[in-house]
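Please open the model in the viewer and keep the sequence panel beside it. The stops below are given as selections, each followed by what is to be found there.

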Amino acid sequence: MDYRTDILDLRTALDVLRSIPGQLIETEVEVDPEAELSGVYRYVGAGGTVMRPTHVNGPAMTFKNVKGHPDASVVIGLLASRERVGTLLGCRKEELGKLLCECAQNPLMPVMTDEKVPCQEIVHLADEPDFNLFRLIPAPTNTPNDAGPYITMGMCYATHPDTGLSDVTIHRMCIQSKDELSIFLQPGSRHIGAMAERAAELNRPLPISVSIGVDPAIEITSCFEPPTTPLGFNELSIAGALRRQPVKLHRCVTIPECAIANAEYVIEGEIVPGVRVVEDQNSHTGYAMPEFPGYQGRASGECWLIKVKAVTTRRHPIMQTVIGPSEEHVNLAGIPTEASIYQMIEKALPGKVTNVYAHPSGGGKYMAVLQCRKTVPTDEGKQRQAALLAFSSFPELKHVILVDEDVDIFDTRDVLWAMNTRFQGDRDIITIPGVRCHPLDPSARPEYSASICDVGISCKTVFDCTVPFHLKEHFARAGFMEVDYEKWLSEK
């Protein structure tokens, strides 16, 4: 499978998009990062589960005149088109999950460099009198109800206090004061959270770096989750495999940790043990920011506190951000989800699932469409085994739709065609109630249904829209003559 090895930072990615018509808009019109910037991009290219009207598969956008931040710019939507992700990773958009699956199985660990690195061209220390995160970081608010300015594309890098193994993940972080961030760590869900919990048990701060504006390969691969990448698995090694060269790290200025060398911004700090932060302590709106299901997230009263020690940047840095429910989040979360599902099913049932699509309506997490192959009578039923494996490979998955090989899983109309012509609700729905799923699903609450005993419990459901093997000949799609149609579309 082809890989693209020439894009190793955000600036090169933007150069590539500039060379492709319709993939990048750059504007000098002043924009306010407080809700206005995201309000603009909502129409230009947000897509995903953002409230309609919005534009799906629109261009990325760079704002070069950001109110209050004369030396910086903000880019949004870099990964908001699956086709654009394919361009930046060197892969057909339909094969992205398989590409990441291959890279996850052939990791290439990051390396340290002592060279002078771009991310430390300018250094701001927290003990300097004019140090202020609100002025240094052009972090947007997505809506007027947000708890504050959010860092949504920060690669959080830390090391486990016991094992010495490091990892990178993305978490929502809100600027709370001139030198403090809140970070939302969902209990037991991700590696940085486990590290912070262990450091707190030892009554030690956890050094953490937050790298913003990096290679798109790092951004995508940092979103892998267990069991594909268990505790101790450094997702930067998947990005290394994708680019066929190790990700370069460099030592931070003020803390005993590393950061991504080619980043636009690096925030250096420590997660303080035993301290919890009310996320909306400054805004008092009751909300955090819009989350991937499409609803405004509730502010947490149990966020951890990062005490910031320094901010280092490139000259004229580029802040990268994402709208929580946008198509960009779908791709960040969904493509690693596809890779995880495909990897597990291929090991257990080789050749029986030909592709996987994490559908945008589930934010890349809640719904997967599996393209299944039945070649002999004993394949009947294996499609449902595949669905169970999908739930095991990605615990936050709620719904699985099974279709045959002749259905385009990336075309929702075709998937719904299969549901309408190859599905009977009384025999083709399989429900698994009382299973832990995701706490941000607003229907996964006891007040929604008496069958739900706790927030985050769901009924996982399989919709089997495949044709029973013994009836396959009765469900052949209408055949058309194969022609070279393009000669009728061009003038001679």
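In which segment is Asp9 found? Select this residue to begin: Asp9 is found in the segment before α1, the helix that spans 10-18. The model is a predicted one.

**Stop 1: Asp9**

Is Asp9 buried or exposed? With a relative accessible area of 12%, Asp9 falls under the 20% limit and is therefore buried. Display side chains and add Thr12 to the selection: the side chains of Asp9 and Thr12 are joined by a polar contact of 2.6 Å. Next, extend the selection to the residues that Asp9 touches, leaving aside those up to four places away in sequence. These are Val214, Asp215, Pro216, Asn262 and Arg314.

**Stop 2: helix α3**

Select residues 82-89, which make up helix α3. Why is α3 described as largely enclosed by the rest of the structure? The reason is that 6 of its 8 residues are buried. Colour Arg82, Arg84, Val85, Gly86, Leu88 and Leu89 to see the buried residues of this helix. Both ends of α3 merit a closer view. At its start, a side-chain oxygen of Ser81 comes to within 3.3 Å of the backbone nitrogen of Glu83. Following the helix is Gly90, which has a positive phi, near 80 degrees.

**Stop 3: the sheet β4-β12-β13**

Switch to a cartoon display and select the 3 strands of this open sheet, whose order is β4-β12-β13 and whose pairing is mixed. The edge positions are held by β4 (111-112) and β13 (258-260); each has a single partner strand, so one side of each lacks a neighbour in the sheet. Now restrict the view to β4 and β12, the latter covering residues 248-251. These two strands run parallel and are joined by 2 bridges. To locate a bridge pair, select Val111 together with Lys248, its partner in β12.

**Stop 4: strands β9, β10 and β17**

Select residues 173-177 for β9 and residues 180-183 for β10. The two strands pair in the antiparallel sense, over 4 bridges. A hairpin of 2 residues connects β9 to β10. Within this pair, Ser177 stands opposite Glu180 of β10.

Which other strand pairs with β10 in the antiparallel sense? Add residues 303-313, strand β17, which pairs with β10 over 4 bridges. Here Ile183 stands opposite Trp304 of β17.

**Stop 5: the segment after β23**

Move on to Phe475, which lies in the segment after β23. A relative accessible area of 29% makes Phe475 partly exposed. Which residues does Phe475 touch, not counting those up to four places away in sequence? They are Asp406, Thr421, Arg422 and Val467. For Arg422, a distance label is instructive: its C-alpha atom is separated from that of Phe475 by 8.4 Å, although the two residues are 53 residues apart along the chain.

Finish with Trp488, which also lies in the segment after β23 (457-464). Its relative accessibility of 59% is over the 50% limit, so Trp488 counts as exposed. Then select Met481, Val483, Tyr485 and Leu489 along with Trp488 and switch to a surface display. Together, these residues make a nonpolar surface patch of about 670 Å².

Notes: Residues numbered from 1 in each chain as written. Predicted model: local features only at pLDDT ≥ 70, side-chain atom pairs only at ≥ 80, totals over all residues. Heavy atoms only, no water. Buried < 20%, exposed > 50% of the residue type's maximum accessible area, 1.4 Å probe, protein only. Polar contact = N/O pair within 3.5 Å; in protein donor to acceptor, adjacent residues only side chain to side chain. Patch = residues over 30% accessible without salt bridge, like charges linked within 9 Å, V, L, I, M, F, W, Y side chains within 5 Å. Areas by Shrake-Rupley, 256 points an atom, 1.4 Å probe, with all protein chains shown as cover. Salt bridge = Lys/Arg side-chain N within 4 Å of Asp/Glu carboxyl O. Contact = heavy atoms within 4.5 Å. Pairing = 2+ DSSP bridges.
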